[in-house]
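Thanks for coming, everyone. I'll walk through one structure and stick to what its coordinates show.

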Amino acid sequence: MKLLPLAMALILAAPPAFAHKLKVFAAAEGAQIVGTAYFAGGGKAMAGAGQLIGPDGTVVAGFRTDAEGGFRLPVALRQDYRVTVDSGDGHVAETLIAAAELPETLPAGAATTRLPAATPAPTAVPDQIEAAVARQIIPLRRQIDAMEERARFSDIIGGVGT
């Protein structure tokens, strides 16, 4: 019987702790990496310090998120990039942008994700088509990312049971 109050206290304490988990979503949009930093509870990570890091660990660019937690970074090379954001209160998140997401028109960088050989894509695909497809896909990827991070009641109970 003494465990019941303890279990209830843990259940009530879990969502606020989970709500502060920092997430960063980023995707290639043409020759730019665009994204948003946010907390799992839905709050925007405003004025978060971010870095765009190349495959060799070199900081390519530093940035701050805007009032909506967003950022937009131009890139010059087609290579893998890591995007990190620090909210300043001990929360840091990162994500990877694979070189394959960037336009083939960019010069190749030092290191890229190696993909299996495939039939070459037609070179006549206009950049406007790639940009239009990116505008349609990016919101869907954001929604999927946000849905995966929601704390479900079963997740909270499962965490209490371990």
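Let me start with the end of the story, at Glu 94. Its relative accessibility is 48%, so Glu 94 counts as partly exposed. One caution before I go on: this is a predicted model.

What does Glu 94 do with its side chain? It meets the side chain of Arg 82 in a salt bridge, 3.3 Å from N to O. Arg 82 sits in strand S6 and Glu 94 in strand S7, so the pair ties together parts that are twelve residues apart in sequence. Arg 82 is partly exposed as well, with a relative accessible area of 31%.

Stay with those two strands. S6 covers residues 81-86 and S7 covers residues 92-97. They run antiparallel, and six bridges join them. Arg 82 has a bridge partner in S7, and that partner is Leu 96. So keep two names apart here: for Arg 82, the salt bridge goes to Glu 94, while the bridge partner is Leu 96.

The turn between them is worth a look. This hairpin has five residues between the strands. Within the hairpin, Gly 88 takes a positive phi near 90°.

Now the sheet around that hairpin. Four strands make an open sheet, in the order S4-S3-S6-S7. The pairing is antiparallel. Which strands stand at the edges? Strand S4, residues 59-64, and S7 do. Each has a single partner strand, so one side of each is left without a neighbour in the sheet. From one strand to the next, the twist averages 15°.

Inside that sheet, look at S3 and S6. S3 spans residues 49-53 and pairs with S6 in the antiparallel sense. Five bridges hold that pairing. For a landmark, take Gln 51: its bridge partner in S6 is Thr 84.

On to the other sheet. Three strands form an open sheet in the order S1-S2-S5, again with antiparallel pairing. S1 and S5 are the edge strands, and each pairs on one side only. Here the twist averages 20° from one strand to the next.

S1 pairs with strand S2, residues 32-39, in the antiparallel sense. That pairing has eight bridges. Leu 22 is a good place to find it: the bridge partner in S2 is Phe 39.

How many salt bridges are there? The count comes to two. You have seen one, between Arg 82 and Glu 94. The other joins Arg 72 and Glu 29, with the closest N and O atoms 3.1 Å apart. Arg 72 lies in strand S5, residues 70-74, and Glu 29 in strand S1, residues 22-29, so this pair ties together parts that are 43 residues apart in sequence. Arg 72 is partly exposed, at a relative accessible area of 48%. Glu 29 is also partly exposed, at 21%. The line between buried and partly exposed is drawn at 20%.

Next, the interior. The largest nonpolar core has 20 residues. Which of them have the most contacts inside it? Ile 33, Leu 52, Phe 71, Val 75, Tyr 81 and Val 83. S1, S2, S5, S6 and S7 each supply at least two residues of this core. The largest share comes from S1, with four residues.

Take Ile 33 as the viewpoint. Leaving out residues up to four places away in sequence, Ile 33 touches ten-odd names you can click through on screen, including Ala 26, Leu 52, Phe 71, Tyr 81, Val 83 and Ile 97. Arg 72 is also among the residues that Ile 33 touches. There is a second, separate core of six residues, and Phe 25, Val 34, Tyr 38 and Ala 134 are among them.

Two loop residues to finish. Is Gln 79 buried or exposed? Gln 79 is buried, with a relative accessible area of 6%. It lies in the loop between S5 and S6. Its side chain makes a polar contact with the side chain of Tyr 81, at 3.5 Å. Tyr 81 is one of the core residues I listed.

The last one is Ala 47, in the loop between S2 and S3. Most residues other than glycine have a negative phi. Ala 47 has a positive phi of about 55° although it is not a glycine. At 45% relative accessibility, Ala 47 counts as partly exposed.

Conventions. Residues numbered from 1 in each chain as written. Predicted model: local features only at pLDDT ≥ 70, side-chain atom pairs only at ≥ 80, totals over all residues. Heavy atoms only, no water. Pairing = 2+ DSSP bridges. Salt bridge = Lys/Arg side-chain N within 4 Å of Asp/Glu carboxyl O. Buried < 20%, exposed > 50% of the residue type's maximum accessible area, 1.4 Å probe, protein only. Axes fitted to C-alpha atoms, helices over the stretch in contact; angles between N-to-C directions. Core = buried A, V, L, I, M, F, W, Y, C linked by side-chain atoms within 4.5 Å. Contact = heavy atoms within 4.5 Å. Polar contact = N/O pair within 3.5 Å; in protein donor to acceptor, adjacent residues only side chain to side chain.
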